[in-house]
Amino acid sequence: MNIFALTFALIIVSVLGSQSTIMGKNDCKGHMIIINEVQTKRPDWVELYNPNDYKVDLGGYRVYDRDEYEIAFAFPPKTIISPKGYLAKVVHKNTTGFAIEKNGETIFLWDACGNKIGTLNIPYIPKGSSYGLDANGNYKMLYPTRGKANY
Ligand SMILES: [Ca+2]
């Protein structure tokens, strides 16, 4: 392997590594949707991000705090997330069947075909903070930005 091939291989490994940090992958229609941010304190919400340059209909996508697709909350048809856009879904036991445990837990995201496309391990989130992706693609404590870009 010459130096160019080695460099190329390292770039590929680097790119794949950062994608696994983002915890997203293409769904059955080729879209990528990312769990971008969560907050656990009244209201609890899960923010999704659409990195594509086209809108995506989240109808049939599911999110839940247990790895159980069959009983997970499903987004209704025509739930549109705009290109490079954010959608923050308020979650509550009475509406979505789950809330975010304040001491941390794991949430799961499935596409409309039932493929799991996201898993996020949420730690304890201090009051006044959220947990989400920073500009470098790493999950950490953030200032809450519900429905907007993280910073
Ligand atoms: Ca945000």
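## Two open sheets and a nonpolar core

Residues 24 or more positions apart account for 54% of the contacts in this protein that have a separation of 6 or more. Keep in mind that we're looking at a predicted model here. The secondary structure comes to one helix and 11 strands, and the helix leads: from the N terminus on, the order is α-β-β-β-β-β-β-β-β-β-β-β. Of the 151 residues, 30% count as buried.

**The five-strand sheet**

- Five strands make an open sheet in the order β7-β2-β1-β10-β11, with antiparallel pairing.
- The edge places go to β7 and β11 (139-142); each has a single partner strand, so one side of each is left without a neighbour in the sheet.
- On average, neighbouring strands of this sheet are turned by 25 degrees against each other, direction ignored.
- β1 and β2 run antiparallel and are joined by five bridges; I35 has L48 in β2 as its bridge partner.
- On to the pairing of β1 with β10, again antiparallel, which rests on two bridges. Here V38 has Y131 in β10 as its bridge partner.
- β10 and β11 also run antiparallel, with four bridges between them, and S130 stands opposite L142 in β11.
- The β10 and β11 strands form a hairpin with five residues between them, and G137 in the turn has a positive phi of about 85 degrees.

**The four-strand sheet**

- A second set of strands, in the order β5-β4-β8-β9, forms an open sheet of four, and the pairing is antiparallel.
- At the edges stand β5 and β9, each with a single partner strand, so one side of each is left without a neighbour in the sheet.
- β4 and β8 pair in the antiparallel sense over three bridges, and R62 stands opposite W110 in β8.
- Six bridges join β8 (residues 105-110) to β9 (residues 116-122), and these two strands run antiparallel. For L109, the bridge partner in β9 is G118.
- β8 and β9 form a hairpin too, with five residues between them; the turn holds G114, which has a positive phi of about 90 degrees.

**The nonpolar core**

- The largest nonpolar core has 29 residues, and those touching the most other members are I35, V38, V46, L48, I107 and I122.
- Who contributes? At least two residues each come from β1 (34-39), β2 (44-49), β4 (62-64), β7 (86-91), β8, β9 and β10 (130-133).
- β2 gives the most to this core, with four residues.
- In soluble globular proteins, nonpolar side chains tend to be buried together.
- V38 is worth clicking on: leaving out residues up to four places away in sequence, V38 touches W45, V46, E47, I100, I107, L120, I122, S130, Y131 and G132.

**Y139, on an edge strand**

- Y139 is found in strand β11, one of the strands at the edges of the five-strand sheet.
- Y139 counts as buried because 20 other C-beta atoms lie within 10 Å, and the cut-off for buried is 20 or more.
- Not counting residues up to four places away in sequence, Y139 touches Y131, G132 and L133.
- Y139 and N121 are 18 residues apart in sequence, and their C-alpha atoms are 9.6 Å apart in space.

**Two lysines with positive phi**

- K78 has a phi near 65 degrees, a positive value in a residue other than glycine.
- K78 lies in the loop between β5 (73-74) and β6 (80-81). K78 is exposed, since just 8 other C-beta atoms lie within 10 Å, against a cut-off of 12 or fewer.
- K84 also has a positive phi, near 55 degrees, and is likewise a residue other than glycine.
- You'll find K84 in the loop between β6 and β7. With 13 C-beta neighbours inside 10 Å, K84 counts as partly exposed.

Key:
Residues are numbered from 1 along each chain as its sequence is written. This is a predicted model: local features need pLDDT of at least 70, side-chain atom pairs count only at pLDDT 80 or more; totals for chains, interfaces and linings use all residues. Two strands pair if DSSP finds at least two bridges between them. A nonpolar core is a set of buried Ala, Val, Leu, Ile, Met, Phe, Trp, Tyr and Cys residues joined through C-beta atoms within 7 Å. Two residues are in contact if their C-beta atoms, placed from the backbone, lie within 7 Å. Axes are lines fitted to C-alpha atoms, for helices over the stretch in contact, and angles run from 0 to 180 degrees between N-to-C directions.
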